[in-house]
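Please open the model in your viewer and keep the sequence panel beside it, so that each selection can be followed in both.

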Amino acid sequence: MKYKEEAEILSQESLGEDIFSMWLRTEHIAKEAEPGQFLSLYCRDESRLLPRPISLCEIDRENCRLRLVYRIAGAGTREFAGLQAGDRITVLGPLGHGFPLAESGRALIVGGGIGVPPLLQLARELPGEKTLVMGYRSRTYLEQELRKEAPLVISTEDGSLGTKGNVIDAIRENHLTADTIYACGPLPMLRALKSFAQEHHMKAWISMEEKMACGIGACLGCVVTSRDIDDHSKVRNVRVCAEGPVFDAEEVIF
């Protein structure tokens with residue numbers, strides 16, 4: 001079930017490089033949220049009509065709290081970064097389909113860029129043996145939190161920490177293997193991981209990042225090409241906000 005609520009901002013802090021961490025309290029959403037889902041946040045500035053989708057980073061169901069870690073990408077997220085403890089914001093959620101949480105043998109949880117935050121709660125809840133592989137440009141964030149959940153391997157584009165290169169380079173350099181890959185990040189990374197999974201006969205679940213308008217599947221603004229015909233639109237596409245953002249990598253074509 002989706003809820004539209006006035007959430008209370010509990011804290012806001014900068015993690016560097018235009019990346020912010022916001023904790024908020026909701027009445028219902030946090031109790032039902034799952035790893036891989038997202039919220040739509042509404043701006044106070046009424047000239048910005050469309051909500052902004054932000055993935056869930058941490059879920060504290062017992063205390064009805066949610067953590068969002070996001071990057072300033074425009075006027076809307078810049079407005080959010082200016083909110084302080086005690087402020088309130090209208091949110092809609094939980095939205096989308098998250099990651100499957102059934103035990104699937106050994107797992108690689110792979111994130112890149114702003115695709116790192118949604119994987120923290122997944123790492124916390126996914127049963128079984130798992131290794132985290134996170135890719136950054138240079139400076140890391142959420143590193144301490146991630147290390148508490150599972151062994152962490154890091155790649156950086158400039159080589160300042162871990163493997164110099166991307167997440168595939170880090171996987172190969174560390175001779176990592178698994179039965180299943182869970183991933184969130186930019187499209188080139190997801191494309192490479194899909195090919196890697198096929199090459200090594202692994203299952204892959206990917207969380208796709210697409211620009212969204214309504215966030216509830218009505219506008220068809222975030223469709224991606226699918227292997228099968230969609231019952232909603234009668235063409236070969238799926239809506240990232242509704243059928244996703246998490247997909248079986250074999251289900252989508254990119």
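The tour goes from a sheet to a helix and then to the cysteines.

This is a predicted model, in which local features need pLDDT of at least 70 and side-chain atom pairs count only at pLDDT 80 or more, while totals for chains, interfaces and linings use all residues. Residues are numbered from 1 along each chain as its sequence is written, and side-chain values use heavy atoms, with hydrogens and water left out.

Select first the open sheet of seven strands, which has the order S4-S3-S7-S1-S2-S6-S5 with antiparallel pairing; strands are DSSP runs of E with at least two residues, helices runs of H or I with at least four, numbered from the N terminus, and two strands pair if DSSP finds at least two bridges between them. Strands S4 (52-55) and S5 (58-60) stand at the edges, each with a single partner strand, so one side of each has no neighbour in the sheet. Within the sheet, six bridges join S1 (residues 3-16) to S7 (residues 88-95), and Glu-8 stands opposite Arg-88 in S7.

Next select helix H6 (residues 187-199), where Met-189, Leu-190, Leu-193, Lys-194, Phe-196 and Ala-197 are buried, meaning under 20% relative accessible area with a 1.4 Å probe and protein chains only. They lie on the same side of H6, because they cover an arc of only 165 degrees around the axis, taken from the directions from the helix axis to the C-beta atoms. Just after H6, His-201 takes a positive phi of about 55 degrees.

Finally, select Cys-57, which is buried at 0% relative accessibility and is in no disulfide (a pair of cysteine sulfur atoms within 2.5 Å), the nearest cysteine sulfur, that of Cys-184, being 11 Å away.

Technical notes: Buried means under 20% relative accessible area, exposed over 50%, partly exposed in between (1.4 Å probe, protein chains only).
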